[in-house]
Amino acid sequence: MTQQIAAERRERLNRKRVLHAAVALADEVGIGPLSMRRLAQELAVVPMALYKHVANKEELLDGMVDVLIGEIAPPVAGADWKNTVRLRVLSARRVLQRHRWARRVLETRTNPTPAALGYMDSFIGMFFAGGLSVDLTHHVMHAIGSRMWGFTQELFDSTATAEGEALAAVEPEVQAATYQEMSANYPNVLQVATAASHDDGSVVGNGCDDQFEFEFALDLLLDGIEQLHLRDYNSTAARLERG
């Protein structure tokens, strides 16, 4: 009977099931402990059974990214290009917030899969649909960068682990001593850092509101892109003006 059940499980095993199981396992234990052997245990198969569906762990990670891309909402019909882009980016961000390990994996991908290329093609298409030129859209994609995937690469990002988990809280007396030192040596940094409301679990600064800061930067970019579009921006002309 046990052999029959194991045989039925092996028969049902396919690439989609492998990838979705890998995503669920990474959500549970993080990307570090994820291995072909651990995944095989979760699926109740021998490790070699997985290699019929993914050649190695790198292909597994690529496939897991494809699963996440499938969770990103498609462009909203009937909205102007700015809102369409904004909603798509925020949908991608919600996906990454559900899968805290995903940012680390995305940052290590070097060869985009067909699914990744399809998402990028669709993303570019939102700007074309809004009437932006190929020239402006080229520079826009550089400016948008990792935001199209729902995250930003912050300077001195030291408040989160590789799995996206918050670090241990700083003791009040240590924080007070740090503030005193900052006030004496770096008053401008301290003034800006403590100017806004904060929340827990930030990757921007010690307690900054990540979601607000992400949307602020996104809106700033989109407003600037809109102004360039309205001015019929041309990078060739801009280079000539700069001499």
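Leaving aside its neighbours within four places in sequence, which residues is Thr152 in contact with? The legends below start there and work through a predicted model.

**Figure 1. Thr152 and its contacts in the loop between helix 9 and helix 10.** Setting aside neighbours within four places in sequence, Thr152 is in contact with Arg103, Ser146, Arg147 and Phe214. The loop that holds Thr152 runs between helix 9 (134-144) and helix 10 (172-185). With a relative accessible area of 14%, Thr152 falls under the 20% limit and therefore counts as buried.

**Figure 2. Ser146, one of the contacts of Thr152.** Ser146 also sits in the loop between helix 9 and helix 10. Is Ser146 buried or exposed? Ser146 has a relative accessible area of 16%, so it is buried. Not counting residues up to four places away in sequence, Ser146 touches Phe151, Thr152 and Gln153.

**Figure 3. The whole chain, for orientation.** Before going further in, here's the overall picture: the protein chain comes to 13 helices and 0 strands. Read from the N terminus on, the elements run α-α-α-α-α-α-α-α-α-α-α-α-α. Of the 243 residues in the chain, 33% count as buried. Take the contacts with a separation of 6 or more, and 69% of them are between residues 24 or more positions apart. The protein chain exposes about 14800 Å², with carbon and sulfur atoms supplying 54% of that area.

**Figure 4. Inside the largest nonpolar core.** This core has 54 residues. Which of them touch the most other members? Those are Leu39, Leu50, Leu60, Met64, Trp101 and Phe123. In soluble globular proteins, nonpolar side chains tend to be buried together. Zooming in on Met64, and not counting residues up to four places away in sequence, you find it touching Leu19, Ala22, Val23, Ala26, Ile31, Leu34 and Trp101.

**Figure 5. Helix 2 packed against helix 5.** Helix 2 covers residues 15-29 and helix 5 covers residues 57-71. Their axes are 9 Å apart, and the two helices pack at an angle of about 85°. That angle lies in the 65 to 115 range, which means helix 2 is roughly perpendicular to helix 5. From helix 2, the residues taking part are Arg15, Val18, Leu19, His20, Ala22, Val23 and Ala26. They meet Glu59, Leu60, Gly63, Met64, Val67 and Leu68 in helix 5. Sorted by class, the contact of helix 2 with helix 5 has 9 nonpolar, 2 polar and 2 charged residues. Leu60 and Met64 turn up on the helix 5 side here, and both are also on the list of core residues that touch the most other members.

**Figure 6. Met36 in helix 3.** What is the relative accessibility of Met36? It comes to 8%, so Met36 counts as buried. Leaving out residues up to four places away in sequence, Met36 touches Leu50, Tyr51, Val54, Asn56, Lys57 and Leu60. Pro47 is 11 residues from Met36 along the chain, and their C-alpha atoms are separated by 6.2 Å.

**Figure 7. Thr108 in helix 7.** Helix 7 spans residues 102-108, and Thr108 belongs to it. With a relative accessible area of 42%, Thr108 lands between the 20% and 50% cut-offs, so it is partly exposed. Thr108 and Leu61 are 47 residues apart along the chain, with 9.6 Å separating their C-alpha atoms.

**Figure 8. Two loop residues with positive phi, Ala44 and Asp232.** Ala44 isn't a glycine, yet its phi is positive, at about 60°. You'll find Ala44 in the loop between helix 3 (36-43) and helix 4 (47-50). Its relative accessibility is 35%, so Ala44 counts as partly exposed. Asp232 isn't a glycine either, and has a positive phi of about 55°. The loop holding Asp232 runs between helix 12 (210-230) and helix 13 (235-242). Why does Asp232 count as exposed? Because its relative accessibility is 66%, and anything over 50% is put in that class.

Notes. Residues are numbered from 1 along each chain as its sequence is written. This is a predicted model: local features need pLDDT of at least 70, side-chain atom pairs count only at pLDDT 80 or more; totals for chains, interfaces and linings use all residues. Side-chain values use heavy atoms; hydrogens and water are left out. A nonpolar core is a set of buried Ala, Val, Leu, Ile, Met, Phe, Trp, Tyr and Cys residues joined through side-chain atoms within 4.5 Å. Buried means under 20% relative accessible area, exposed over 50%, partly exposed in between (1.4 Å probe, protein chains only). Contact means heavy atoms within 4.5 Å. Axes are lines fitted to C-alpha atoms, for helices over the stretch in contact, and angles run from 0 to 180 degrees between N-to-C directions. Helices (H or I, at least four residues) and strands (E, at least two) are DSSP runs, numbered from the N terminus. Angles under 35 degrees count as roughly parallel, over 145 as roughly antiparallel, 65 to 115 as roughly perpendicular and the rest as oblique. Ala, Val, Leu, Ile, Met, Phe, Trp, Tyr, Cys and Pro count as nonpolar, Asp, Glu, Lys and Arg as charged, and the others, Gly among them, as polar. Accessible areas come from the Shrake-Rupley method with a 1.4 Å probe; for residues, only the protein chains shown count as cover.
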